[in-house]
Amino acid sequence: MRLIVARCEVAYSGRLSAFLPESTRLVMLKDDGSVLVHADAGGYKPLNWMTPPTVIEPEGDPLERLVVRKRAGRSEDRLDIRVLEVLSDVEHEMGEAAGLEKDGVERDLQLELAAAPESIEPGLRLDRREWPTDIGPVDLMCRDTEDEWVAVEIKRIGTIDAVEQLSRYLERIRLDPALAACRGVLAATTVKPQARVLAEARGLTWVEVDLAELRGQREPALTLFG
């Protein structure tokens, strides 16, 4: 991972345009091709970013410019970082990453729903747990009654971030022509109102599940939405 602290200007062009005027920022270049631009305010979210796969083109020695390009259908997304002054430029070997372990509720939900995917949607059947993508595994990959693919992401609490995560997985999954029609379902014990709205706007389904019901400790009252 390469971490650059620099005074810089950042211009994004593609599906929309955005510009960050000169300021001191952290530019994070990950080995998987991710590029994130952070400020020292605004919480954990980057000001701008590009997800893999990307092409990163540094210019100058010392660094004067970073151009990050990514194909987006017939168009191209482009992040143009003009470096005015480098304050720090270091690289770290991170080694092989250990997988994120879900908390107890999420882990148990995944096991129960993998054993009974019809609890998510009538007729749904499991194809594989932890279906790999190049940005991480989706929890369950299933087939519906029409034999179409369904990607299921499982959370204890369904938030906007969970919807965004599922959307990113689907973007990668659908690059395979055989999976181009794959749809997504967010399953959680509780789905936040904002997440419901965003999921439906993205064409995703959401469903609230009860771990006690899945374990047979309570009578089911499952309802599917979206």
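## A tour from helix 2 outward

Begin by selecting helix 2 and colouring its buried residues, which are Ala-162, Val-163, Gln-165, Leu-166, Ser-167, Tyr-169, Leu-170, Arg-172 and Ile-173. Keep in mind throughout that this is a predicted model. The helix runs over residues 160-173, and its 14 residues reach 20 Å from the first C-alpha to the last, close to the 20 Å expected at 1.5 Å a residue. If you now show the surroundings, what covers these buried residues includes strand 9 (138-143), strand 10 (149-158), strand 11 (183-191) and helix 3 (193-201).

Next, stay in this region and display the largest nonpolar core, which has 21 residues; those touching the most other members are Met-141, Ala-151, Val-163, Ile-173, Cys-182 and Leu-186. Strand 9, strand 10, helix 2, strand 11 and helix 3 each supply at least two residues of this core, and the largest share, six residues, comes from helix 2. As background, nonpolar side chains in soluble globular proteins tend to be buried together.

Pick out Cys-182 from that core and list its contacts: leaving aside its neighbours within four places in sequence, Cys-182 is in contact with Met-141, Trp-149, Val-150, Ala-151, Leu-170, Ile-173 and Arg-174. A second core, separate from the one just visited, has 17 residues and includes Ile-4, Tyr-12, Met-50 and Val-68.

Before leaving the first core, select helix 3, where the buried residues are Ala-195, Leu-198 and Ala-199. Turn the view to look down the axis of helix 3, and these buried residues fall within an arc of 100 degrees, so they line one face of the helix. They pack against strand 10, helix 2, strand 11 and strand 12 (205-208), whereas on the other side of the helix Pro-193, Val-197 and Ala-201 are exposed. Step just past the end of helix 3 to Gly-203, which takes a positive phi of about 80 degrees.

Now select the cysteines. How many disulfides does the structure hold? The structure holds zero, and Cys-142 offers a case to inspect, because its sulfur is 9.5 Å from the closest cysteine sulfur, in Cys-182, which is too far for a bond. Cys-142 counts as buried, at 0% relative accessibility, and Cys-8 likewise counts as buried, at 1%.

From Cys-8, move to Glu-22, which is found in strand 2 (residues 17-29). Not counting residues up to four places away in sequence, Glu-22 touches Arg-7, Cys-8, Glu-9 and Leu-84. Is Glu-22 buried or partly exposed? With a relative accessibility of 41%, Glu-22 counts as partly exposed. To get a sense of scale, draw a distance from the C-alpha of Glu-22 to that of Leu-111: the two atoms are separated by 49 Å, while the residues lie 89 apart along the chain.

Finish at His-38, which is found in strand 3 (residues 35-38). His-38 is buried, because its relative accessible area of 14% falls under the 20% cut-off. Showing its surroundings, again without residues up to four places away in sequence, you will find that His-38 touches Arg-25, Leu-26, Met-28, Tyr-44, Lys-45, Pro-46 and Leu-47.

Definitions and conventions:
Residues are numbered from 1 along each chain as its sequence is written. This is a predicted model: local features need pLDDT of at least 70, side-chain atom pairs count only at pLDDT 80 or more; totals for chains, interfaces and linings use all residues. Side-chain values use heavy atoms; hydrogens and water are left out. Helices (H or I, at least four residues) and strands (E, at least two) are DSSP runs, numbered from the N terminus. The expected span of a helix is 1.5 Å times one less than its number of residues. Buried means under 20% relative accessible area, exposed over 50%, partly exposed in between (1.4 Å probe, protein chains only). Contact means heavy atoms within 4.5 Å. A disulfide is a pair of cysteine sulfur atoms within 2.5 Å. The arc is that of the directions from the helix axis to the C-beta atoms. A nonpolar core is a set of buried Ala, Val, Leu, Ile, Met, Phe, Trp, Tyr and Cys residues joined through side-chain atoms within 4.5 Å.
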